[in-house]
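Colleague: I would like a close look at one part of this structure, the helix packing, with some single residues alongside. Please keep the terms defined as you go.

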Amino acid sequence: MSTSVEARNVEMVYGSGAERVAALRGVSFDLSAAEFLLLMGPSGSGKTTLVSIVGGILSPSSGAISAFGAELTSMSRAARARFRLDNIGFVFQGFNLFGALTARENVQLAVGLKDCCKGPESLRRACALLAEVGMGEKADRLPRELSAGQKQRVAIARALAGDPKLLLADEPTASLDAESGREIVELLRSRAKQRGCAVLTVTHDSRIAEVADRVLQMEDGILRP
Amino acid sequence: MVPLGRKNLFEDIPRFLVAQAGVLFAVGLVAIQLGIFDGFVKSAGLAIDESSADIWVAAKEMLYFELTLPMPYQRLAQAARVPGVARAEPMIVQTTVWRGPDHKAEYIRVIGFHPSGALFVPGPVTSKDLAALRAPNTALVDRSNLKALNVGGIGGSGRIGASHVRIVALTHGTQPIISATFIFASLENARTYLAPPMPRLPFVFRIASAPGGFGPGDNISYILVKATPGANISALKARLDAALPGTRAYTKLEMADRTRAYWRKRTGLGFVLGLGALVGFIVGMAVVGQILYTSVADHIKEYGTLKAIGAPDRLFYAIVIEQAALMALTGYVPGIGLSLLVAVWAQAHRGILILITPATAALVFGVTLGMCILAGGFAVQRALRVDPAIVFKA
């Protein structure tokens, strides 16, 4: 199986002097294509910092991150934004859908960011993605008219809009009840496997562990297998 | 393109209405201030616009229509003899005081002209009105000035100097916004009204001099000239300048421009009204900026998500500019409508000309759009500065 992401000796330090806090201490791991990797650990252990660095949102203090053959740490801010647009999808605990837009428009907005998908093509693709996550019937609903599980499905459709090679999910089940949480994780896993897309999920939810290909534990900024 | 800017704007209707009130206020203030200034400048030259003269001859010292020095009456005959002059008529413009029935003084400008002449008519009046002006001790006034003169209408009377003056006709749309009250009279009546008072001697009653023909001892303010058909106006002006010592000839347009330029440049009104418009602009920008900024702040996680996905900066500019343009448009339409209503009301009830032309309306729209987009500039900075890492915080 080919490697999607390689992290080597990644360190992240916030603040300086007496305020200095080491969030990541020499973190190294690999993520293979189509692998469903779970990152677990207590609050403040550095999970979110690691996901932010893997997603090219934060730059590490030291170490190297490469994704799909590109060295993320050497890229400019604009190049990293372009890289995210072309390769990475995000799913968040709070869904982060625009309340004034329908489910379809929320997805269409993300689809439209790709140069290849403008106008009617973006509409067609948004509808197809919503159908793929089981939300085809509710495409014209506003987020406030949807349940938490349905909102997260829309958020997954949005994350898939750019046809990513890597999905980063931050506590995707934290706002959901047990059954919805299980359905969402199943959906994430099935969509990712079908597309050959790697998934890195941060969670406190131990019930997800059974569907993961691999689980990494993080504690005080250090990864433990 | 998903209409995110529009949908975000209309998501919170009460907040949108507050923003619209701010834009409406700004549009109203800017349009009315500009309208007052344009109306004021336009109204300053109304008397000149009303004339059908090609050339106005004035004393060399003339500053503007209402402020000039007298010239001898003989200049009229001299002007009439200049080749290329088809017709020449005199006009008197001079300041004095009106005392209404309550004896309250009102500063007035008496404008004397030939009621049977062809080169000047004081606004929309009938031949019957003009005929009535030929009678001694009569005057014609603008309807908007009745209150200032403390007269009820036709038949009302007051005193100018020693003369008892009766209002015999009314006109409208002739009174400059900032000027003494205009009173129109025949040339002879005007001379009578403006005659210097008799010396106050014991046991001598002051009586008004009776109107009569003009002679060499009389003065006039202007000579209105109609050129013969096909005459070269520039050449005629030069001939009039040469033939009439101490005077200068102006085309009608030059005379109107000179008068308007005086008011525009020599008074602080443009600055004062401009300051009012600027206040409107700043208040509008503050309200719109605050509303747009709040709108971005309320959707900070969603904007952060777009940044995390990799949305380019131009998307954020497009969203905020779309909102700003919509606010400008939806605030402008009622704002300019309200301003037009105020202008109509002011003209009808106060005789004040607030001139909102299509060009003014277009300028106000441009100012409104600029104001909203400038205000949006602050909000877009907030969106561009969003740390995409914010999306990972629940």
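Modeller: What follows covers the helix pairs, then one helix with its cover, and then some single residues.

This is a predicted model, in which local features need pLDDT of at least 70 and side-chain atom pairs count only at pLDDT 80 or more, while totals for chains, interfaces and linings use all residues. Residues are numbered from 1 along each chain as its sequence is written, chains are lettered from A and ligands numbered from 1 in the order in which they are written, and side-chain values use heavy atoms, with hydrogens and water left out.

Two packed helices are described by the angle between their axes and the distance between the axes. Here axes are lines fitted to C-alpha atoms, for helices over the stretch in contact, and angles run from 0 to 180 degrees between N-to-C directions. Helices (H or I, at least four residues) and strands (E, at least two) are DSSP runs, numbered from the N terminus.

In chain A, helix 5 (residues 148-159) packs on helix 6 (residues 178-195) at an angle of about 15 degrees, and their axes are 10 Å apart. Helix 5 of chain A and helix 6 of chain A are therefore roughly parallel; angles under 35 degrees count as roughly parallel, over 145 as roughly antiparallel, 65 to 115 as roughly perpendicular and the rest as oblique. The crossing of helix 5 of chain A and helix 6 of chain A is right-handed: the near helix is turned clockwise from the far one by less than a right angle, whereas anticlockwise would be left-handed. On the side of helix 5 of chain A, the contact (heavy atoms within 4.5 Å) is made by G149(A), Q152(A), R153(A) and I156(A), and on the side of helix 6 of chain A by S180(A), E183(A), I184(A), L187(A) and L188(A). By class, these residues divide into 4 nonpolar, 3 polar and 2 charged. Ala, Val, Leu, Ile, Met, Phe, Trp, Tyr, Cys and Pro count as nonpolar, Asp, Glu, Lys and Arg as charged, and the others, Gly among them, as polar.

Helix 6 of chain A also meets helix 4 (residues 120-132) of chain A, where the axes come within 12 Å and cross at roughly 125 degrees. Helix 4 of chain A and helix 6 of chain A are therefore oblique to each other. R125(A), L129(A) and E132(A) of helix 4 of chain A make this contact with L187(A), R191(A), Q194(A) and R195(A) of helix 6 of chain A. The contact has 2 nonpolar, 1 polar and 4 charged residues.

In chain B, helix 12 (residues 313-350) and helix 13 (residues 358-384) have axes that come within 8 Å and cross at roughly 145 degrees. Their crossing is right-handed, and the contact residues divide into 22 nonpolar, 3 polar and 1 charged.

In helix 2 (residues 77-87) of chain A, the buried residues include R80(A), F83(A) and L85(A); buried means under 20% relative accessible area, exposed over 50% and partly exposed in between (1.4 Å probe, protein chains only). Their cover includes helix 11 (300-309) of chain B and, among the strands of chain A, strand 4 (62-67).

R8(A) lies in strand 1 (residues 3-14) of chain A and, at 35% relative accessibility, is partly exposed. R109(B), in strand 4 (residues 105-113) of chain B, is buried at 9% relative accessibility.
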